[in-house]
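Trainee: I am new to this structure and would be grateful for a close look at a single part of the chain. Please begin with one loop residue and then connect that part to its surroundings.

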Amino acid sequence: MEDFDFVVLGGGSGGVRAARMAASFGAKVALIESGRLGGTCVNVGCVPKKLMVYGASFAERFHEARGFGWSFDTTPRFDWASLVDAREKEIRRLNGIYEKLLVDAGVTVIEGFGAFEESRTLRVTRADGSTSRVRGEHVLIATGGRSRMPPIPGAELGVDSDGFFALRTLPRRVVIAGGGYIGVELASVFRALGSEVHVVHRNPELLNAFDHDVRRFFAEQLELHGVTLHLGRTIERLDRDGTSVVATLDDGTKLAADLQLAAVGRVPNTAKLGLAAVGIDTSPDGAVQVDDTFQTSQPNVYALGDCIGRVQLTPVALAEGMTLARRLFGGQPDASVDYDLVPTAVFATPEVATVGLTEEAAWRRGERVKVFRSTFRPMKHTLSGQPYRMMMKLVVCETSDRVLGVHVVGPDAGEIVQGFAVALRVGATKAQLDATIGIHPTAAEELVTMRTPVPSMHV
């Protein structure tokens, strides 16, 4: 058995960052991973999804180009397999980069599945069945999350969101269960590429945690793009009917498709780690319970990232990994992560991005709120002929004038909100936005030119 200062279980964003940072501070570090390095984000999440979004977006751009004087001798053709091959080549390149970063930092990369044998001792099982043991003075659990399938009859006839990335052909008809980030993003990709798409969501509105104006406006625009929504509905069962798989909804509606895809959330990937046997506490859904320093119920055993179920975003896992390494090995015992004002984006069509409080959350917190909201047709569509619109919203504290939330629905929303996240972080007020000169003509200038409040949900 080999001893290390720091043993990291999981080679995703948080684990890799923590391992590299710890090694840079002089720690002897091992990282255990049974799959491809990079975790969910690199392999079956953010990166390949965004590449598919880029690929799908050209279909609409070709159509829009005609309004700007472009013509085509032939109809543009799309080949799904070519896009998938290009995407996978890029993912393999990133896997190699992750490995090189770890090796160059002096981290020992151990290929295999790690599980706890004692509180700080892990048994590693390799693909060939051989085993070894490693021990860490400090151990980090960074095993991320995994997609889940709904517990319904016939669930095996569908695929989860990971299965999307294994598709070798473009399905003509798609039914997606789930109206969160993943569900609407994949729905947008399929629809842009010409598939008939139905989204079934158990709640009356999509994107449950977002601002109410965002949810409603986004749904309207998604439908304009041709996605059929079944809100307040659930899939009760899946059945095979020839080459089709049929979803039966709770109201009796039947939706036949070539692909039934479940995007009903992710759960912490901790089931097979042996946590209970060594006294590491978890919540009912498997999330590892940690304190503010990321320590578990066992001394010197830590957890972060998606497996602790706090904020399940790659940049948050990176921040957590850096913070823990600094606390343990960098001489910064007070290092911490601030979970306020974390920006996020949904790369659907239309795109959604937000930072700060929703209007509802601001009222719940006891703020007196002023709301500024604008919907408009982006300049591009005055010639493209498309009917799509854009929405921007500011949530402002009436007493302090501080901007509490920024919400954008439309093209490049993520790029716009990233900059405003900095403004909110330093405490920008509405008066300061008003005093800022906009860049014209841009969509983003709308956020510094809205002058008149609109009625709030509590007025």
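Mentor: Let us begin with N300, which is located in the loop between β16 and β17. Please bear in mind throughout that this is a predicted model. The phi angle of N300 is near 65°, a positive value in a residue that is not glycine. Most residues other than glycine have a negative phi, and most peptide bonds are trans. With a relative accessibility of 19%, N300 counts as buried, because the limit for that class is under 20%.

A second residue may be set beside N300. L341 also has a positive phi, of about 60°, although it is not a glycine. L341 belongs to the loop between α8 and β18. Its relative accessible area is 22%, so L341 is classed as partly exposed.

Two peptide bonds also deserve attention. T349 and P350 are joined by a cis peptide bond with an omega of about 10°. P350 sits in the loop between β18 (344–346) and β19 (352–356). The bond from H440 to P441 is likewise cis, and its omega is near -5°. P441 is found in the segment after α12 (430–434).

Let us now return to the two strands that flank the loop of N300. On one side is strand β16 (residues 266–268), which contains R266. R266 forms a salt bridge with D162, and the closest N and O atoms of the pair are 3.8 Å apart. Because D162 lies in helix α5 (residues 161–164), the pair ties together parts that are 104 residues apart in sequence. Both partners are partly exposed: R266 has a relative accessible area of 21%, and D162 has a relative accessibility of 27%.

On the other side of the loop is β17 (301–303), one of the elements that give two or more residues to the largest nonpolar core. This core has 49 residues, and those with the most contacts inside it are F6, V29, F116, L140, I141 and V288. Among the other elements giving two or more residues are β1 (2–9), β2 (29–33), β6 (131–141) and α8 (314–329). Helix α1 gives the most to this core, with 6 residues. V288 touches I141, and its further contacts include T270, L275, A303, C307 and I308. A second, separate core of 37 residues includes V53, A56, V199 and V227.

Q260 offers a further example of a buried position. This residue lies in strand β15 (residues 259–262), and its relative accessibility is 4%. A polar atom of the Q260 side chain lies 3.2 Å from the backbone oxygen of L255. Leaving aside residues up to four places away in sequence, Q260 touches L255 and also G158, V159, V175, I235, L238, V245, V246 and A247.

The bridge between R266 and D162 can be placed in a wider setting. The structure holds 28 salt bridges. In one of these, the side chains of K393 and D213 meet at 2.7 Å, N to O. K393 is in strand β21 (residues 390–397) and D213 is in helix α7, so placed that the pair links parts of the chain 180 residues apart. K393 is buried, with a relative accessibility of 0%, and D213 is buried too, at 12%. K393 and D213 belong to a network of salt bridges that also includes D211, E359 and R373.

Helix α7 takes part in another bridge. R216 pairs with E205, the closest N and O atoms being 3.0 Å apart. R216 lies in helix α7 (residues 212–224), while E205 is in the loop between β10 (196–201) and α7, 11 residues apart. R216 is partly exposed, with a relative accessible area of 46%.

Finally, consider the surface. F68, W70 and L383 make a nonpolar surface patch of about 360 Å². F68 is in the loop between α3 (46–65) and α4 (80–104), and with 41% relative accessibility it counts as partly exposed. A59, in helix α3, is also partly exposed, with a relative accessible area of 33%. From A59 to L140 the distance is 44 Å, C-alpha to C-alpha, and the two are 81 residues apart in sequence.

Technical notes: Residues are numbered from 1 along each chain as its sequence is written. This is a predicted model: local features need pLDDT of at least 70, side-chain atom pairs count only at pLDDT 80 or more; totals for chains, interfaces and linings use all residues. Side-chain values use heavy atoms; hydrogens and water are left out. Patches are made of residues with over 30% relative accessible area and no salt bridge: like charges are joined within 9 Å, nonpolar side chains (Val, Leu, Ile, Met, Phe, Trp, Tyr) within 5 Å. Accessible areas come from the Shrake-Rupley method with a 1.4 Å probe; for residues, only the protein chains shown count as cover. A salt bridge is a side-chain nitrogen of Lys or Arg within 4 Å of a carboxyl oxygen of Asp or Glu. Buried means under 20% relative accessible area, exposed over 50%, partly exposed in between (1.4 Å probe, protein chains only). A polar contact is a pair of N or O atoms within 3.5 Å; within protein, one must be able to donate a hydrogen and the other to accept it, and residues adjacent in sequence count only if both atoms are side-chain atoms. Contact means heavy atoms within 4.5 Å. A nonpolar core is a set of buried Ala, Val, Leu, Ile, Met, Phe, Trp, Tyr and Cys residues joined through side-chain atoms within 4.5 Å.
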